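Okay, thanks for coming, everyone. I'll put the structure up and then talk you through it piece by piece.

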Amino acid sequence: MRAIVLVPTYNERANLAELVEKVRQFAPGLHILIVDDNSPDGTGELAEELARQHPDEIFVLHRQHKEGLGKAYVQAFTQVLKEDYEYILQMDADLSHDPVHLPCFFEKIQDHDLVVGSRYLQGISVVNWDLKRLIMSKLATNYVRFVTRMPLSDATSGFKCWRREALESIGFEDAFSSGYVFLVEMKYKAYRKGFRLAEVPIIFVERKSGNSKLDWRVIWEAIWGVLRLRLKY
Ligand SMILES: Nc1nc2c(ncn2[C@@H]2O[C@H](COP(=O)(O)OP(=O)(O)OP(=O)(O)O)[C@@H](O)[C@H]2O)c(=O)[nH]1
Ligand SMILES: [Mg+2]
């Protein structure tokens, strides 16, 4: 099975080595592409060091400027689709997405086109969130469901596995959004094209190290972005 996980990073030096080690433990043979936007904390250099230690498994894409998650993913998708990977996964670098769940994604993708890791499939599976964060996330996912009608319990999740053919044909390069709405836009494009979506339960652990990039500007952007999705597609 040819599969690769894309890991976008911005200032994740404290988390990256542990993440890579766990991915190698729970998904042996899975390739890893670290997509770093010139992090000032030296994440890019650490990524290079890890790639030197495991040259056949770990790869690094260095980007010049921080442009948000969406732009980083578009460039990474374009690069990996030039290779013959069957499955392309996405996960965060901050250890919120536990690699222990990776085998479930591989099982489910066998008869689906996009598998989404969901925090809300079995009650609420999040660790270290305060009530405010929990309410915000629940509101966000209900809002997305209401506006888009997608049958997903966790539409904003960034832990995903794509079948190559689905990713190739949704036109990710035309995505209008960057940042977090991009994660929703990709799922919505797949849903509208009739691809088979599924969810697997994950336990989401809030980051212990590094800074949260979530602020009010990001939240407003997301509210408008999701409405635009519905108007555009
Ligand atoms: N390459 C790249 N990666 C980014 C950028 N912004 C965020 N990331 C990475 O994308 C992933 C998700 O970002 P997070 O900051 O964890 O977003 P979040 O989980 O919604 O918020 P917190 O974990 O609470 O900070 C992490 O691995 C980040 O390092 C960016 O502009 N460029
Ligand atoms: Mg995070």
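I'll start with the sheet, stop at one residue in it, and finish with the helix pairs. One caveat before we go: this is a predicted model.

So, the sheet. How many strands does the open sheet have, and in what order? It has seven, running S3-S2-S1-S4-S7-S5-S8, and the pairing is mixed. At the edges you've got strand S3, residues 58-62, and strand S8, residues 197-201, and each of those pairs on one side only. On average, neighbouring strands in this sheet are turned by 20° against each other, if you ignore direction.

Let's look at the S3 edge. Strand S2, residues 31-36, runs parallel to S3, and five bridges join the two. If you want a pair of residues to click on, Val-35 stands opposite Leu-61 in S3. There's also a helix on this part of the sheet: H3, residues 69-80, packs on it and touches S1, S2, S3 and S4. Strand S1 covers residues 3-9, and the direction of H3 makes about 150° with that of S1.

Now over to the S8 edge, and to strand S5, residues 114-118. Which partners does S5 have, and which way do they run? With S7, S5 is antiparallel, joined by three bridges. With S8, the pairing is in the parallel sense, over five bridges. A quick reminder here: strands in a sheet pair through backbone hydrogen bonds, and they can do that parallel or antiparallel. In S5 you can see both from one residue, Val-116: across from it stand Lys-160 in S7 and Glu-199 in S8.

Is S5 covered or open? Mostly covered, with five of its five residues buried. Leu-114, Val-116 and Ser-118 point one way, Val-115 and Gly-117 point the other way, and all of them are buried. One helix to find around here is H4, residues 102-109, which lies across S4, S5, S7 and S8. H4 runs at about 155° to S8.

Next, the single residue I promised: Ile-88. You'll find Ile-88 in strand S4, which is residues 87-90. Why does Ile-88 count as buried? Because there are 25 C-beta neighbours inside 10 Å of Ile-88, and the cut-off for buried is 20 or more. Who are the neighbours, then? Leaving out anything within four places in sequence, Ile-88 is in contact with Ile-4, Leu-6, Phe-77, Val-80, Trp-162, Arg-164 and Leu-167. Take Trp-162 from that list: Ile-88 and Trp-162 are 74 residues apart in sequence, but C-alpha to C-alpha they're 5.1 Å apart in space.

Right, helices. I've got three pairs to show, and I'll take them one at a time.

Pair one is H1, residues 13-26, with H2, residues 43-53; their axes are 9 Å apart and they pack at an angle of about 20°. That angle makes H1 roughly parallel to H2. The crossing is right-handed. On the H1 side the contact uses Arg-13, Leu-16, Ala-17 and Val-20, and on the H2 side Thr-43, Leu-46, Ala-47 and Leu-50. By class, that's six nonpolar residues, one polar and one charged.

Pair two is H5, residues 131-148, packing with H8, residues 216-232, at about 20° with the axes 9 Å apart. So H5 is roughly parallel to H8, and their crossing is right-handed. H5 brings Ala-140, Tyr-143, Val-144, Val-147 and Thr-148, while H8 brings Ala-222, Val-226, Leu-227, Leu-229 and Arg-230. Those split into eight nonpolar, one polar and one charged.

Pair three brings H8 back, this time with H7, residues 181-192; the axes come within 9 Å and cross at roughly 20°. H7 and H8 are therefore roughly parallel to each other, and this crossing is right-handed. From H7 the contact takes Val-181, Val-184, Glu-185 and Tyr-188; from H8, Glu-221, Ala-222, Gly-225, Val-226 and Leu-229. Sorted by class, that gives six nonpolar, one polar and two charged.

If you want one thing to look for in those last two lists, try Ala-222, Val-226 and Leu-229 of H8: they're among the residues in the contact with H5, and they're among those in the contact with H7.

That's what I had. Let's open it up for discussion.

Technical notes. Residues are numbered from 1 along each chain as its sequence is written. Chains are lettered from A and ligands numbered from 1 in the order in which they are written. This is a predicted model: local features need pLDDT of at least 70, side-chain atom pairs count only at pLDDT 80 or more; totals for chains, interfaces and linings use all residues. Axes are lines fitted to C-alpha atoms, for helices over the stretch in contact, and angles run from 0 to 180 degrees between N-to-C directions. Helices (H or I, at least four residues) and strands (E, at least two) are DSSP runs, numbered from the N terminus. Angles under 35 degrees count as roughly parallel, over 145 as roughly antiparallel, 65 to 115 as roughly perpendicular and the rest as oblique. A crossing is left-handed if the near helix is turned anticlockwise from the far one by less than a right angle, and right-handed if clockwise. Two residues are in contact if their C-beta atoms, placed from the backbone, lie within 7 Å. Ala, Val, Leu, Ile, Met, Phe, Trp, Tyr, Cys and Pro count as nonpolar, Asp, Glu, Lys and Arg as charged, and the others, Gly among them, as polar. A residue is buried if 20 or more other C-beta atoms lie within 10 Å of its own, exposed if 12 or fewer, and partly exposed in between; C-beta atoms are placed from the backbone. Two strands pair if DSSP finds at least two bridges between them.
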